[in-house]
Amino acid sequence: MIPFINVKRFLYKFLRQPSYAFRVLRKRAAAYLHYRTGSGRSSYPESVTLFLTHRCNLRCFMCGQKHRAGRELSLDNLKAIVDDLSSFRPNITLFGGEPMLHEGCMDLIKYIKGKGMHCIMITNALLVEDHAKDIVESGLDELNVSLDGNAGIHDAIRALPGAFNKIMAGLKKIRSLKSAANSAKPLVNLQCTVSKYNYKNLESLLDVALEASADSLTFHNLIFLDRGTLERQKECDAILGCASDDWEGFVFEPEIEPEILHEKIEKILSGRHAFTVDFYPNFPRPALIGYYGNPKAGSAGTSSKACLSPWIAAYIFPDGEVKPCLNLSYSFGNALKERFTGLWNNDKAVKFRSFLKKKRAFPACIRCTELFRY
């Protein structure tokens, strides 16, 4: 439910948002019990991620997502889905692409909060300054901002000069508006993806987090795959009748020296900071070295680590498809055609969970952060 390596993250949530943390714990316990029964059914999910758009205003070097134009749900469509979800009050995460490129994003946050649900937005923050007033007034619980380092490092990785300064201006405006409203929301969580472009300079983000008055700083280990693992994944895809094409963007060499990274981690975590700092997944040294040093690390050990995510989380994409996994095409159905509550435990959902439980994890799972979350 709460893996030992994630206890620090959970305690942070508990101290800052105790009622939210208790709901998380209760829902995870229920999902875990369903997992243990082996029926393939589950209680309603703890969290639902709404991908508002595939569009993005950046082209980051280390990003494996395919940012493209395509169908997007209207605000009315999204509100109807939220109405259905509100019957069991999951935590809602708004993601993309860049979610603020969807013209209904701010209204949707207000609607979600009006239904009494916890709401997080994951953003590159280029548009935060323009929407700062609406963000604070919306009641958004958490603003998760992607940052890769100081101005020079971040702008180089994002291939956009001036991006860092624009983001910081937006975060400072959020701070000012929160202060004026005497509000703690939204919590500002900085998220850094460790990559070959920044892993030798991760400590630069400590000053950035302080300047931004961030509540937390999380360093995310890089997601990547080797070609052989993806080919083994396709054997599972054939049985399920789906595809894993979205993993293609993550097939590359990490080019990270794990010993150097471990030294950086030790140094950062040994310091005292005005905000919470952690690494995710929080690997011990041998696992970290294996993760980056051996592209196949874990592929033979998936029997010792099970993926519980499809019992706990769901993803609704811009076309309305409800999926149990970020990078597989497998869908339980479409939320525009059938209510989410009817899709969550339908035959396709039970088939997927039952097969996954039998396998414990799929080959590509070894590089998916969701494997380590639950």
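This report describes the strand order, helix packing and buried cores of a predicted model.

Residues are numbered from 1 along each chain as its sequence is written, and because the model is predicted, local features need pLDDT of at least 70 and side-chain atom pairs count only at pLDDT 80 or more, while totals for chains, interfaces and linings use all residues. Side-chain values use heavy atoms, with hydrogens and water left out.

## The sheet

The strands form an open sheet of 10 members in the order β7-β6-β5-β4-β3-β2-β1-β8-β9-β10, with mixed pairing. Its edges are β7 (276–280) and β10 (333–334), each of which pairs on one side only. Here two strands pair if DSSP finds at least two bridges between them, and helices (H or I, at least four residues) and strands (E, at least two) are DSSP runs, numbered from the N terminus. The table lists pairings along this sheet.

| Strand pair | Sense | Bridges | Residues opposite |
|---|---|---|---|
| β5 (187–193) and β6 (216–220) | parallel | 5 bridges | C192 and F219 |
| β3 and β4 | parallel | 4 bridges | T123 and V145 |
| β2 and β3 (119–123) | parallel | 3 bridges | L94 and M121 |
| β1 (47–51) and β2 | parallel | 5 bridges | S47 and N91 |
| β1 and β8 | parallel | 4 bridges | S47 and A313 |
| β8 and β9 (321–323) | antiparallel | 2 bridges | Y315 and K323 |

Strand β2 (residues 91–95) has 4 of its 5 residues buried, so it is largely enclosed by the rest of the structure; buried means under 20% relative accessible area, exposed over 50%, and partly exposed in between (1.4 Å probe, protein chains only). Strand β4 (residues 142–146) likewise has 4 of 5 residues buried, so it is largely enclosed by the rest of the structure. In strand β8 (residues 313–316), A313 and Y315 point one way while A314 and I316 point the other way, and all are buried. The hairpin of β8 and β9 has 4 residues between the strands, and within the hairpin G320 takes a positive phi near 95°.

## Helix α8 against the sheet

Helix α8 (residues 204–211) packs on the sheet, where it touches β5, β6 and β7, and its direction makes about 150° with that of β6. Contact means heavy atoms within 4.5 Å, while axes are lines fitted to C-alpha atoms, for helices over the stretch in contact, and angles run from 0 to 180 degrees between N-to-C directions. Within α8, the residues S204, L205, L206, V208 and A209 are buried, and the elements covering the buried residues of α8 include α6 (151–158), α7, β5, β6, α10 (258–270) and β7. Just after α8, S213 takes a positive phi of about 55°.

## Nonpolar cores

A nonpolar core is a set of buried Ala, Val, Leu, Ile, Met, Phe, Trp, Tyr and Cys residues joined through side-chain atoms within 4.5 Å. The largest core has 102 residues, of which L50, L94, M121, L190 and F219 touch the most other members. Helix α7 (residues 163–181) gives the most to this core, with 6 residues. Another core lies apart from the largest one and has 6 residues, among them L225, L230, F250 and C368.

Leaving aside neighbours within four places in sequence, F219 is in contact with C192, V194, L202, L205, I268, V277, D278, F279 and Y280.

## Helices α4 and α5

Helix α4 (residues 105–114) packs with helix α5 (residues 128–138) at an angle of about 10°, their axes being 9 Å apart. That angle makes α4 roughly parallel to α5, since angles under 35 degrees count as roughly parallel, over 145 as roughly antiparallel, 65 to 115 as roughly perpendicular and the rest as oblique. The contact is made by M106, I109, K110 and K113 of α4 together with H131, D134, I135 and S138 of α5. By class, the contact of α4 with α5 has 3 nonpolar, 2 polar and 3 charged residues, where Ala, Val, Leu, Ile, Met, Phe, Trp, Tyr, Cys and Pro count as nonpolar, Asp, Glu, Lys and Arg as charged, and the others, Gly among them, as polar.

## The loop before β2

R89 lies in the loop between α3 (75–85) and β2, and R89 is partly exposed, with a relative accessible area of 38%. Not counting residues up to four places away in sequence, R89 touches R23, K27, K115, G116 and M117. The C-alpha atoms of R89 and E142, which are 53 residues apart along the chain, are separated by 17 Å.
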